[in-house]
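Me: Please take a close look at one loop in this structure, and then follow its surroundings into the rest of the chain. I am a first-year student, so plain steps would help.

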Amino acid sequence: MTARLVLAAPSSGSGKTTVATGLMAAFAASGLAVSGHKVGPDYIDPGYHALAAGRPGRNLDAYMCGTELIAPLFAHGAAGCDLALVEGVMGLYDGAAGAGELASTAQVAKLLGAPVVLVVDASSQSRSVAALAHGFASWDPGVRMGGVILNRVASDRHEALLRDALDEAGTPVLGVLRRAPQVNTPSRHLGLVPAAERQVEAVDAVRAMAEQVRAGCDLPALLALARSAPSLSAAAWDPVAAVAPPEGLRTRPEGASRPQGVRASRPVVAVAGGAAFTFSYAEHSELLTAAGADVVPFDPLRDEQLPEGTAGLVIGGGFPEMYGPELSANEPLRKAVADLAASGAPVAAECAGLLYLSRELDGRPMCGVLDAEARMSQRLTLGYREAVAVSDSVLAAAGTRLRGHEFHRTVLEPGAGPTPAWGLHRPERRVEGYVQRGVHASYVHTHWAQAPGLVRRFVERCGP
């Protein structure tokens, strides 16, 4: 089984992304096949992981996908790799609000049987670091703490004080990183700027992270710790098996010929990408392909037409608010999207996609599919959601329940159409989103691995 480590921290802002990404790049440069993973729903960090490892970054979200899928999804993403590195979320023991350890880094580490390395921001402490490390290591006996990496260490004297304290506590020091502004990545209203928006600079930043980690971390010791993880018995998640209809619902026996008159070609599903639409889980395209679609990416900032033969459209999350003028100026594509939606073709839009389908975003014309206006807001909407489908749509039958996540600083007015997409039950009760003809549009991000029947339903409606 793939060697594996979890990179955790006492809190957000400790430097997990820098350390995890740097380690991925450093180990990949040494010739190892490396797989990068992120605990939780975050889309941005996996973009940097992909640059570092040369493979798609993957998410492991126990709230949205369920604890039973964590190990299979990990095994799927890490297949064929020598080493898998998992970047945690927030503090080691922080999870879904009010749900105990659910969706925490600690829970994921236990589900994977993976050793944990604690990344500690040591900038404002010396001997107290030993008490901190001891507390995190002893809080949950099921979490195996393998050591610490000290980040933002000021000087040789500071390093010596930290090492003495941790040696006294019996905590291995696996790395010491000095303050290095050149590896910082810029942030804005929703966190780090995605790698796809700053490709050249992001490559340079990842290279700098790798150099810093290579110079400051004990790579052989970290690799040995990763290789000490026990065998993982879970079978790898398989998108083909996931979208296969239940035995009683199959339209014809497996291997039987297609009935005469039924088209054998695969419907084209266009998937928005580029700098404005960077939020997508790798498993979504894999599920669409497994369900029988030809997935064709396109960039709404550059492409003036949808891919040839488009029968369905998926517009995920991202930052359309940062590219409002460019998106609005691409009038031919806006019209093509509106025409496709008017034809009744399946369209699935989440968050950024919802804004793009609206009439206006910050006063600039968008696709006009939805009779709603969107604008930036000072208020951050953030958190997990429990959702139930209000009515039948191209994605879900009425009554379908699933879990999702909201993360935006925009407001849509009205927030729900005559036929809403979801009824939300966490943290408050409200209806949200739009279902009209073939369109399903919502602020709620979902991970389709939790309910692959949604993908099967969507692709089926893309056919003749």
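**A loop and what lies around it**

Reply: P414 is found in the loop that runs between β17 and β18. Before going further, note that this is a predicted model. Its average pLDDT is 92, and 92% of the residues score at least 70. The stretch 249-263 is a weak part, with pLDDT under 50. For residues 249-263 the model has eight contacts beyond four places in sequence.

Back to the loop. P414 is joined to E413 by a cis peptide bond, with omega about -10°. Most peptide bonds are trans, and most residues other than glycine have a negative phi. A416 also has its place in the loop between β17 and β18. Is A416 buried, partly exposed or exposed? Its relative accessible area is 21%, and the cut-off for buried is under 20%. A416 therefore counts as partly exposed.

A416 also meets a part of the chain further along. V431 is 15 residues from A416 in sequence, yet their C-alpha atoms are 6.5 Å apart in space. Beyond its neighbours within four places, A416 is in contact with V431, E432, G433 and Y434.

Next, step back from the loop into the strand β17, which covers residues 401-413. H405 lies in this strand. H405 has a relative accessible area of 9%, which means that it is buried. Which residues touch H405, leaving out those up to four places away in sequence? They are P41, M64, L382, G383, Y384, R385, Y443, V444 and H445.

Another strand to look at is β12, residues 310-315, where V314 lies. V314 has 10% relative accessibility and so counts as buried. A348 is 34 residues from V314 along the chain, but the two C-alpha atoms are separated by 4.8 Å. Apart from neighbours within four places, V314 is in contact with V269, A270, V271, A272, L288, A348, W448 and F458.

One of those contacts, L288, is the next stop. Leaving out residues up to four places away, L288 touches V269, V271, A293, V295, V314, W448, V455, F458 and V459. L288 is also among the residues with the most contacts inside the largest nonpolar core, along with L23, F27, L112, I149, L150 and L222. That core has 111 residues. Its largest share, seven residues, comes from helix α1, residues 16-29. In soluble globular proteins, nonpolar side chains tend to be buried together.

Helix α1 deserves a closer look, together with helix α9 (residues 219-227). Two packed helices are described by the angle between their axes and the distance between the axes. For α1 and α9 the angle is about 95°, and the axes are 12 Å apart. Angles from 65 to 115 degrees count as roughly perpendicular, so α1 and α9 are roughly perpendicular to each other. In this contact, L23, A26 and F27 of α1 meet L219, L222 and L223 of α9. The residues of the contact are six nonpolar, no polar and no charged. T21 lies in α1 as well. T21 counts as buried, because its relative accessibility is 0%. Y48, H49, A52, V206 and M209 touch T21, not counting residues up to four places away.

L112, named above for its contacts in the core, leads to helix α5. L112 is one of the buried residues of α5, and the others are T105, A106, Q107, V108 and A109. Six of the eight residues of α5 (residues 105-112) are buried, so this helix is largely enclosed by the rest of the structure. Just after α5, G113 takes a positive phi of about 60°.

Positive phi values are found at other places too. M90, in the loop between β4 (83-87) and α5, has a positive phi of about 50° although it is not a glycine. M90 counts as partly exposed, because its relative accessibility is 36%. R152 likewise is not a glycine and has a positive phi of about 60°. R152 has its place in strand β6, residues 145-153. With a relative accessible area of 29%, R152 is partly exposed.

Methods:
Residues are numbered from 1 along each chain as its sequence is written. This is a predicted model: local features need pLDDT of at least 70, side-chain atom pairs count only at pLDDT 80 or more; totals for chains, interfaces and linings use all residues. Side-chain values use heavy atoms; hydrogens and water are left out. A nonpolar core is a set of buried Ala, Val, Leu, Ile, Met, Phe, Trp, Tyr and Cys residues joined through side-chain atoms within 4.5 Å. Buried means under 20% relative accessible area, exposed over 50%, partly exposed in between (1.4 Å probe, protein chains only). Helices (H or I, at least four residues) and strands (E, at least two) are DSSP runs, numbered from the N terminus. Contact means heavy atoms within 4.5 Å. Axes are lines fitted to C-alpha atoms, for helices over the stretch in contact, and angles run from 0 to 180 degrees between N-to-C directions. Angles under 35 degrees count as roughly parallel, over 145 as roughly antiparallel, 65 to 115 as roughly perpendicular and the rest as oblique. Ala, Val, Leu, Ile, Met, Phe, Trp, Tyr, Cys and Pro count as nonpolar, Asp, Glu, Lys and Arg as charged, and the others, Gly among them, as polar. pLDDT is the predictor's confidence in each residue, from 0 to 100.
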